[in-house]
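Hi,

Here's the model I promised to pass along. Have a look, and my notes follow underneath.

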Amino acid sequence: MDRGENQVSIELQESVEVEPVPALFKLITSNSVADFDSIIPESLTCQPNGHQRKLSISISMPSSPTGASSAGSKNVLDVEGIGKGFQDSKAPSKAKPKGVKFLSQPMPKGSAFGEAANINQHPNIKKLKDKRFNSFKTWSGKLERQITNLRGGQSESESEEGSAHNSDRALPVDRYFDALEGPELETLRASEEIVLPNDKTWPFLLRYPISSFGICLGVSSQAVMWKALATATSTKFLHISLTVNLILWWISIALVAAVSSIYLTKVVLYFEAVRREYYHPIRVNFFFAPWISLLFLALGLPHSVSTTLPVALWYVLMTPFLFLELKIYGQWMSGGQRRLSKVANPTNHLSVVGNFVGALLGASMGLKEGPIFFFAVGLAHYTVLFVTLYQRLPTNETLPKDLHPVFFLFVAAPSVASMAWANIQGSFDYGSRIAYFIALFLYFSLAVRVNFFRGFKFSLAWWAYTFPMTGAAIATMRYSSAVTNVVTQTLSVILSVVATLTVAALLVTTILHAFVLRDLFPNDIAIAISDRKPKPQNKWLNLIRHGSSEHDIETFLKFANSDSKEIEAALKIPTAEATCV
């Protein structure tokens, strides 16, 4: 036989290895991958003892397909028993390959290399690569798409996010009313879909609402109350130290700084979510809360820190109120979907009470015209809001039990108004007493309703109890200083104790739910609504197509507002017999 020709030489082996087997091939058994490196003759599969013998065949792989039968290569086969002869293979062309091509082989399941191929299936990796939140991100959303378009490319998630919603424009107010329901517009309608995944917990900043500033209102107002307890003439017998005011004031400073920092981070990273909260017809009222908290910090300033405040500080703090009120009060009056009769809610008191708190601070600093201006604006709109909320239309929904605490916001405005007018006028005269008596009556009319305090789950709405209770306690101390007797002094102590215990209990409960149970901030469905209306569906056709019972169809016909032609057209549905040819 000529050595220049390509031949297949076969060498028989029983126990001696000709070439060392690589470590990778040692992991691969002959039956791990189908049709890989194994030949099992039919005559050798069945044994007398009922067992099957496994035949291992080692084939040296050439560097290229054309070199499979070259002169220097040989294939080594280990076969037990030779039954028949072998036929010589035809010699291929002697042309050398232009390039070297390596063919990959299938990897067995369960190997270390096979597991590396499925690394993208890990849940943590998928969570990091989840792009469904990019439309709400400031930097990964609109800015990233603009940079990609400038480079001449197309964003990977452009088609997905474009079909969900257009984040370049603000949602109109009618979309909130169409997509959400309930007095607070927090519940998604059954016909709507959200643009964020509802099957997982969203990032923390997306779940962090503007209503978190209600915690700052409750704690910072406590610093003002304990300052009044230590300085009021009617409570001198308690011998309250100003140290309590100092401690609470610093706690309030830290809390306001923490809550503000978190929300400012949300403004930077998830601006679309903040913009949707601002255009929400109910939640926009909470944008007054950060500035009211700063006013309380100024009012509760301890004497050990400073005895006077610069007048310019009052103008700086009241400027945001002026711009927000020009926007909201104008919408209440101008009509449309944002008119007051459409969006009236107890949380609207937050947009009014800031006028009285600002007037109280300005009058305590010696100002006159500015405090009177804001007091007059607040009084006019509080009167309109009070009447609107009292005579709710029959079509308005009643507040669910979870929102009962916001009813106490009725007490906040007249309580602070009585103190503001007393500072403007210089004494707790009849005008201040009228406002105080209104607040006191509303306080007790709500306190005697036991059902308002039970039967609902804890949420951030519970902090609506704290600020009005504390305001009523401070107003009672001011009234007790003007009319000093045992009744007014006792009432001051009782209301102060109730307000303090309420704030302490809510603070502990909030920490428990935030850091232990971790259910304080659920997914904020109200900001994840789509900007497109769902396609209208024919309920009559859906009833027939889904095979509803005769009772369901009769019930629908009884209450449906469809024309007879529409019902007749819906009945003409092609059956299987009619469509068969």
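How much area does the chain expose, and what share of it do carbon and sulfur atoms supply? The chain exposes about 33,900 Å², and 60% of that comes from carbon and sulfur (Shrake-Rupley areas with a 1.4 Å probe; for residues, only the protein chains shown count as cover).

Before the rest: this is a predicted model, where local features need pLDDT of at least 70 and side-chain atom pairs count only at pLDDT 80 or more, while totals for chains, interfaces and linings use all residues. Numbering runs from 1 along each chain as its sequence is written, and side-chain values use heavy atoms, leaving out hydrogens and water.

The chain has 581 residues, 39% of them buried (under 20% relative accessible area; exposed is over 50%, partly exposed in between, 1.4 Å probe, protein chains only).

Now the inside. The largest nonpolar core (buried Ala, Val, Leu, Ile, Met, Phe, Trp, Tyr and Cys joined through side-chain atoms within 4.5 Å) has 111 residues. Leu 361 is among those with the most contacts inside it, as are Met 225 and Phe 296. Beyond its neighbours within four places in sequence, Leu 361 is in contact (heavy atoms within 4.5 Å) with residues including Leu 295, Leu 309 and Trp 314. A second, separate core of 13 residues includes Phe 133, Val 195, Tyr 270 and Ala 528.

As for contacts between residues at least 6 apart in sequence, 76% join residues at least 24 apart.

Cheers
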